[in-house]
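Let's take a walk through this fold together, strand by strand and helix by helix. Keep the viewer open as you read.

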Amino acid sequence: MAALLLKRLTLQTVKTENNCLRRCLGKYILHETLAARLSVGASVPRPSHLIHAKAFGTVADTQDERKKKRKSAPAFGNIGRKIHERVIHVLDEAGNDLGNMHRADVIRLMNERDLKLVKRDSGAEPPQYQLLTGAQIHKEQLRLRELEKAHPKPGPALTKELSFSSNIGQHDLDTKSKQIQQWIGKKYRVQITIKKGKNTEEPEHKMEAICNQILQTMPGIATFSSRPQAVRGGKAVMCVLRHLSKKEENAYRETQGTQKGDTLNTENRNNQESDVVHQ
(Lines give C-alpha, C1' and ligand atoms only; values in the text may rest on other atoms or scores of the structure.)
Protein backbone atom coordinates (compact mmCIF):
# COMPACT_ATOMS: atom_id res chain seq x y z
CA MET A 1 0.00 0.00 0.00
CA ALA A 2 2.80 2.37 0.87
CA ALA A 3 4.55 1.51 -2.39
CA LEU A 4 1.41 2.40 -4.41
CA LEU A 5 1.07 5.82 -2.72
CA LEU A 6 4.76 6.55 -3.33
CA LYS A 7 4.36 5.67 -7.02
CA ARG A 8 1.34 8.04 -7.38
CA LEU A 9 3.23 10.91 -5.69
CA THR A 10 6.17 10.38 -8.04
CA LEU A 11 3.94 10.48 -11.14
CA GLN A 12 2.16 13.64 -9.88
CA THR A 13 5.52 15.35 -9.29
CA VAL A 14 6.70 14.50 -12.82
CA LYS A 15 3.48 15.89 -14.36
CA THR A 16 3.77 19.13 -12.38
CA GLU A 17 7.39 19.61 -13.45
CA ASN A 18 6.47 19.01 -17.11
CA ASN A 19 3.67 21.61 -16.94
CA CYS A 20 6.00 24.19 -15.40
CA LEU A 21 8.62 23.56 -18.09
CA ARG A 22 6.04 23.96 -20.86
CA ARG A 23 4.76 27.26 -19.49
CA CYS A 24 8.24 28.70 -19.01
CA LEU A 25 9.48 27.57 -22.40
CA GLY A 26 6.30 28.84 -24.10
CA LYS A 27 6.65 32.32 -22.64
CA TYR A 28 10.33 32.41 -23.55
CA ILE A 29 9.72 31.33 -27.16
CA LEU A 30 6.86 33.86 -27.61
CA HIS A 31 9.00 36.68 -26.18
CA GLU A 32 11.92 35.82 -28.47
CA THR A 33 9.63 35.64 -31.56
CA LEU A 34 8.08 39.07 -30.89
CA ALA A 35 11.48 40.62 -30.27
CA ALA A 36 12.80 39.19 -33.52
CA ARG A 37 9.81 40.55 -35.47
CA LEU A 38 10.16 44.01 -33.97
CA SER A 39 13.88 44.12 -34.70
CA VAL A 40 13.28 43.10 -38.33
CA GLY A 41 10.56 45.72 -38.77
CA ALA A 42 12.73 48.44 -37.30
CA SER A 43 15.68 47.50 -39.46
CA VAL A 44 13.71 47.83 -42.73
CA PRO A 45 14.21 51.40 -44.05
CA ARG A 46 11.16 53.41 -45.07
CA PRO A 47 11.05 54.08 -48.84
CA SER A 48 12.27 57.60 -49.50
CA HIS A 49 10.01 58.03 -52.52
CA LEU A 50 7.01 57.68 -50.20
CA ILE A 51 8.32 60.19 -47.68
CA HIS A 52 9.25 62.94 -50.14
CA ALA A 53 6.70 62.36 -52.88
CA LYS A 54 5.40 65.94 -52.58
CA ALA A 55 8.88 67.38 -53.21
CA PHE A 56 8.86 66.18 -56.82
CA GLY A 57 5.83 68.25 -57.95
CA THR A 58 5.97 70.01 -61.32
CA VAL A 59 4.87 73.40 -62.61
CA ALA A 60 1.96 71.71 -64.37
CA ASP A 61 0.71 70.37 -61.03
CA THR A 62 0.78 73.88 -59.56
CA GLN A 63 -1.16 75.25 -62.53
CA ASP A 64 -3.76 72.50 -62.19
CA GLU A 65 -4.20 73.35 -58.52
CA ARG A 66 -4.68 77.03 -59.40
CA LYS A 67 -7.31 76.12 -62.01
CA LYS A 68 -9.18 74.04 -59.44
CA LYS A 69 -9.10 76.95 -57.00
CA ARG A 70 -10.46 79.30 -59.67
CA LYS A 71 -13.34 76.95 -60.47
CA SER A 72 -14.23 76.52 -56.82
CA ALA A 73 -13.73 80.22 -56.03
CA PRO A 74 -16.59 81.75 -54.02
CA ALA A 75 -18.81 84.55 -55.27
CA PHE A 76 -17.76 88.19 -55.07
CA GLY A 77 -17.32 89.15 -51.43
CA ASN A 78 -15.02 89.96 -48.56
CA ILE A 79 -12.22 87.40 -48.09
CA GLY A 80 -11.27 88.77 -44.67
CA ARG A 81 -7.59 88.45 -43.77
CA LYS A 82 -7.07 85.06 -45.40
CA ILE A 83 -4.56 86.19 -48.03
CA HIS A 84 -2.80 83.08 -49.32
CA GLU A 85 -0.27 84.91 -51.51
CA ARG A 86 2.69 86.74 -50.00
CA VAL A 87 2.62 89.59 -52.55
CA ILE A 88 -0.55 90.87 -54.25
CA HIS A 89 -1.51 93.73 -56.56
CA VAL A 90 -3.83 96.17 -54.75
CA LEU A 91 -6.38 98.78 -55.82
CA ASP A 92 -7.92 101.17 -53.32
CA GLU A 93 -11.62 101.94 -52.87
CA ALA A 94 -11.47 104.68 -55.53
CA GLY A 95 -9.85 102.37 -58.10
CA ASN A 96 -6.38 103.90 -57.75
CA ASP A 97 -3.48 101.52 -58.32
CA LEU A 98 -1.43 100.98 -55.15
CA GLY A 99 0.95 98.57 -56.87
CA ASN A 100 2.31 95.33 -55.46
CA MET A 101 2.16 95.01 -51.67
CA HIS A 102 3.11 92.42 -49.07
CA ARG A 103 0.09 90.86 -47.36
CA ALA A 104 1.20 92.17 -43.96
CA ASP A 105 1.12 95.74 -45.33
CA VAL A 106 -2.30 95.12 -46.87
CA ILE A 107 -3.73 93.91 -43.56
CA ARG A 108 -2.26 96.94 -41.79
CA LEU A 109 -3.88 99.22 -44.41
CA MET A 110 -7.22 97.46 -43.93
CA ASN A 111 -7.10 98.09 -40.21
CA GLU A 112 -6.10 101.72 -40.61
CA ARG A 113 -8.83 102.61 -43.13
CA ASP A 114 -11.47 100.14 -41.89
CA LEU A 115 -11.77 98.56 -45.34
CA LYS A 116 -12.45 95.03 -46.63
CA LEU A 117 -10.53 93.07 -49.24
CA VAL A 118 -12.09 91.43 -52.31
CA LYS A 119 -10.46 89.41 -55.07
CA ARG A 120 -10.66 90.93 -58.54
CA ASP A 121 -8.45 88.78 -60.76
CA SER A 122 -6.97 85.56 -59.40
CA GLY A 123 -5.44 84.70 -62.78
CA ALA A 124 -3.16 87.75 -62.82
CA GLU A 125 0.44 87.55 -61.68
CA PRO A 126 0.46 88.62 -58.89
CA PRO A 127 -3.29 88.23 -58.16
CA GLN A 128 -5.26 91.47 -58.12
CA TYR A 129 -7.28 92.55 -55.08
CA GLN A 130 -9.21 95.69 -54.18
CA LEU A 131 -9.94 97.44 -50.92
CA LEU A 132 -13.63 98.36 -50.60
CA THR A 133 -16.09 99.48 -47.97
CA GLY A 134 -18.96 97.23 -46.90
CA ALA A 135 -21.45 99.45 -48.76
CA GLN A 136 -19.42 99.22 -51.97
CA ILE A 137 -19.30 95.41 -51.73
CA HIS A 138 -23.06 95.22 -51.20
CA LYS A 139 -23.72 97.52 -54.16
CA GLU A 140 -21.46 95.44 -56.43
CA GLN A 141 -23.15 92.21 -55.34
CA LEU A 142 -26.57 93.65 -56.23
CA ARG A 143 -25.24 94.77 -59.62
CA LEU A 144 -23.88 91.30 -60.38
CA ARG A 145 -27.19 89.68 -59.42
CA GLU A 146 -29.13 91.98 -61.71
CA LEU A 147 -26.65 91.25 -64.49
CA GLU A 148 -27.15 87.49 -64.05
CA LYS A 149 -30.92 87.88 -64.19
CA ALA A 150 -30.73 90.01 -67.34
CA HIS A 151 -28.29 87.66 -69.07
CA PRO A 152 -28.89 84.14 -67.74
CA LYS A 153 -26.52 81.44 -68.88
CA PRO A 154 -28.21 79.43 -71.63
CA GLY A 155 -28.61 75.78 -70.75
CA PRO A 156 -28.84 72.87 -73.16
CA ALA A 157 -31.97 73.02 -75.32
CA LEU A 158 -34.37 70.20 -74.52
CA THR A 159 -36.04 68.38 -77.40
CA LYS A 160 -39.66 67.29 -77.57
CA GLU A 161 -40.67 64.61 -80.07
CA LEU A 162 -43.96 64.29 -81.91
CA SER A 163 -44.96 61.80 -84.61
CA PHE A 164 -48.20 61.26 -86.53
CA SER A 165 -49.48 60.04 -89.88
CA SER A 166 -49.88 62.17 -92.99
CA ASN A 167 -53.56 61.10 -93.01
CA ILE A 168 -54.18 63.28 -89.93
CA GLY A 169 -57.37 65.31 -89.95
CA GLN A 170 -57.35 69.11 -89.89
CA HIS A 171 -58.78 69.32 -86.36
CA ASP A 172 -56.11 66.96 -84.97
CA LEU A 173 -53.42 68.86 -86.89
CA ASP A 174 -54.57 72.15 -85.34
CA THR A 175 -54.41 70.55 -81.86
CA LYS A 176 -50.86 69.31 -82.44
CA SER A 177 -49.84 72.70 -83.84
CA LYS A 178 -51.03 74.39 -80.62
CA GLN A 179 -49.01 71.89 -78.57
CA ILE A 180 -45.93 72.63 -80.68
CA GLN A 181 -46.47 76.37 -80.19
CA GLN A 182 -46.49 75.90 -76.41
CA TRP A 183 -43.23 73.95 -76.54
CA ILE A 184 -41.59 76.51 -78.81
CA GLY A 185 -42.73 79.27 -76.43
CA LYS A 186 -40.80 77.47 -73.64
CA LYS A 187 -37.68 77.42 -75.88
CA TYR A 188 -37.84 73.67 -76.55
CA ARG A 189 -36.72 72.14 -79.81
CA VAL A 190 -39.48 70.09 -81.41
CA GLN A 191 -38.70 67.09 -83.58
CA ILE A 192 -41.63 66.22 -85.85
CA THR A 193 -41.86 62.90 -87.67
CA ILE A 194 -44.66 62.48 -90.21
CA LYS A 195 -45.25 58.94 -91.40
CA LYS A 196 -46.50 58.23 -94.88
CA GLY A 197 -50.18 57.29 -94.94
CA LYS A 198 -51.56 54.09 -96.36
CA ASN A 199 -53.33 55.97 -99.12
CA THR A 200 -51.46 55.16 -102.35
CA GLU A 201 -52.89 58.24 -104.10
CA GLU A 202 -51.25 60.60 -101.62
CA PRO A 203 -49.32 63.48 -103.24
CA GLU A 204 -45.55 63.07 -103.26
CA HIS A 205 -44.73 66.16 -101.18
CA LYS A 206 -47.68 66.05 -98.76
CA MET A 207 -45.53 65.29 -95.69
CA GLU A 208 -43.20 68.25 -96.40
CA ALA A 209 -46.24 70.45 -96.98
CA ILE A 210 -47.59 69.52 -93.51
CA CYS A 211 -44.25 70.54 -91.92
CA ASN A 212 -44.40 73.91 -93.69
CA GLN A 213 -48.05 74.33 -92.70
CA ILE A 214 -47.16 73.84 -89.02
CA LEU A 215 -44.34 76.38 -89.28
CA GLN A 216 -46.67 78.96 -90.88
CA THR A 217 -48.83 78.93 -87.74
CA MET A 218 -45.90 80.51 -85.83
CA PRO A 219 -44.71 83.53 -87.87
CA GLY A 220 -41.94 85.46 -86.12
CA ILE A 221 -41.68 82.79 -83.42
CA ALA A 222 -40.16 79.62 -84.87
CA THR A 223 -38.01 78.44 -87.74
CA PHE A 224 -36.49 75.22 -89.00
CA SER A 225 -33.46 73.98 -87.12
CA SER A 226 -33.43 71.04 -89.52
CA ARG A 227 -35.48 71.28 -92.71
CA PRO A 228 -37.82 68.42 -93.73
CA GLN A 229 -35.94 65.42 -95.02
CA ALA A 230 -36.88 61.84 -95.86
CA VAL A 231 -36.11 59.12 -93.30
CA ARG A 232 -36.83 55.41 -92.91
CA GLY A 233 -36.22 54.78 -96.57
CA GLY A 234 -38.67 57.46 -97.70
CA LYS A 235 -41.51 56.15 -95.52
CA ALA A 236 -41.45 59.24 -93.30
CA VAL A 237 -40.30 62.88 -93.20
CA MET A 238 -38.59 64.44 -90.20
CA CYS A 239 -37.91 68.09 -89.32
CA VAL A 240 -36.85 70.02 -86.20
CA LEU A 241 -38.31 73.38 -85.16
CA ARG A 242 -36.72 75.87 -82.78
CA HIS A 243 -37.43 79.30 -81.34
CA LEU A 244 -36.04 82.32 -83.19
CA SER A 245 -32.97 83.96 -81.72
CA LYS A 246 -33.04 87.62 -80.64
CA LYS A 247 -31.22 88.62 -83.81
CA GLU A 248 -33.68 86.72 -86.00
CA GLU A 249 -36.66 88.23 -84.15
CA ASN A 250 -35.34 91.76 -84.71
CA ALA A 251 -34.70 91.03 -88.39
CA TYR A 252 -38.25 89.70 -88.77
CA ARG A 253 -39.74 92.81 -87.14
CA GLU A 254 -37.73 95.07 -89.42
CA THR A 255 -38.90 93.09 -92.45
CA GLN A 256 -42.52 93.31 -91.34
CA GLY A 257 -42.18 97.05 -90.72
CA THR A 258 -40.75 97.58 -94.21
CA GLN A 259 -43.53 95.54 -95.81
CA LYS A 260 -46.21 97.51 -93.94
CA GLY A 261 -44.63 100.77 -95.05
CA ASP A 262 -44.58 99.61 -98.69
CA THR A 263 -48.23 98.54 -98.47
CA LEU A 264 -49.29 101.91 -97.05
CA ASN A 265 -47.38 103.78 -99.77
CA THR A 266 -49.03 101.67 -102.47
CA GLU A 267 -52.49 102.30 -101.01
CA ASN A 268 -51.87 106.07 -100.83
CA ARG A 269 -50.63 106.11 -104.41
CA ASN A 270 -53.72 104.24 -105.61
CA ASN A 271 -56.00 106.62 -103.71
CA GLN A 272 -54.30 109.62 -105.29
CA GLU A 273 -54.66 108.15 -108.77
CA SER A 274 -58.33 107.42 -108.21
CA ASP A 275 -58.89 111.03 -107.05
CA VAL A 276 -57.24 112.34 -110.22
CA VAL A 277 -59.46 110.17 -112.43
CA HIS A 278 -62.62 111.36 -110.69
CA GLN A 279 -61.62 115.00 -111.17
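The paragraphs below go through two sheets, the helices that lie on them, and a pair of cysteines. Please keep in mind that this is a predicted model.

Let's begin with the sheet that comes earlier in the numbering. Four strands make up an open sheet here, ordered β2-β1-β4-β3, and the pairing is mixed. The edges belong to β2 and β3 (116-121); each has a single partner strand, so one side of each is left without a neighbour in the sheet. On average, neighbouring strands in this sheet are turned by 35° against each other, with direction ignored.

Where do the two senses of pairing come from? Follow β1 outwards to either side. Towards strand β2 (residues 97-102), β1 runs antiparallel, and five bridges join the two. You can pick out individual partners: I88 has M101 in β2 as its bridge partner, and H89 has N100 in β2. β1 and β2 form a hairpin with five residues between the strands, and in that hairpin G95 takes a positive phi near 90°. Towards strand β4 (residues 128-132), by contrast, β1 runs parallel, joined by three bridges. On that side, V90 stands opposite Y129 in β4.

Is β1 enclosed or open to the outside? Of the five residues in strand β1 (residues 87-91), four are buried, so the strand is largely enclosed by the rest of the structure.

Two helices are worth viewing against this sheet. Helix α4 (residues 103-113) packs on the sheet and touches β1, β2, β3 and β4, with its direction at about 120° to that of β2. Helix α5 lies across β3 and β4, and runs at about 40° to β3. Within helix α5 (residues 134-150) you will find E140. Is this glutamate buried or exposed? E140 counts as buried because its relative accessibility is 16%, and the cut-off for buried is under 20%. Leaving aside residues up to four places away in sequence, E140 touches F76 and R120.

Now move on to the second sheet. This one is also an open sheet of four strands with mixed pairing, in the order β5-β6-β8-β7. Its edge strands are β5 (159-165) and β7, each of which pairs on one side only. From one strand to the next, the twist averages 15°.

At the β7 end of this sheet, strand β7 (residues 222-231) and strand β8 (residues 236-243) pair in the antiparallel sense over seven bridges. Among the facing residues, F224 has L241 in β8 as its bridge partner, and S226 stands opposite V240. The two strands form a hairpin with four residues between them, and R232 in the turn has a positive phi of about 55°.

Which helix packs on this sheet? Helix α6 (residues 170-185) does, touching β5, β6 (189-195), β7 and β8, and its direction makes about 170° with that of β5. α6 also packs against helix α7 (residues 206-216), at an angle of about 55° and with the axes 10 Å apart. That angle makes α6 oblique to α7, and their crossing is right-handed. At the place where they meet, Q170, L173, S177 and I180 of α6 face I210, Q213 and I214 of α7.

One of these residues, S177, deserves a click. S177 counts as buried because its relative accessibility is 5%. Apart from residues up to four places away in sequence, S177 touches I214 and T217.

Finally, look at two cysteines, C211 and C239. Why is there no bond between them? The sulfur of C239 is 3.4 Å from its closest cysteine sulfur, in C211, and that is too far for a bond; the cut-off used for a disulfide is within 2.5 Å. A disulfide is a covalent bond between the sulfur atoms of two cysteines. By this distance rule, the count of disulfides comes to zero. Both cysteines are buried, with relative accessibility at 1% for C211 and 0% for C239.

Notes. Residues are numbered from 1 along each chain as its sequence is written. This is a predicted model: local features need pLDDT of at least 70, side-chain atom pairs count only at pLDDT 80 or more; totals for chains, interfaces and linings use all residues. Side-chain values use heavy atoms; hydrogens and water are left out. Two strands pair if DSSP finds at least two bridges between them. Axes are lines fitted to C-alpha atoms, for helices over the stretch in contact, and angles run from 0 to 180 degrees between N-to-C directions. Contact means heavy atoms within 4.5 Å. Buried means under 20% relative accessible area, exposed over 50%, partly exposed in between (1.4 Å probe, protein chains only). Angles under 35 degrees count as roughly parallel, over 145 as roughly antiparallel, 65 to 115 as roughly perpendicular and the rest as oblique. A crossing is left-handed if the near helix is turned anticlockwise from the far one by less than a right angle, and right-handed if clockwise.
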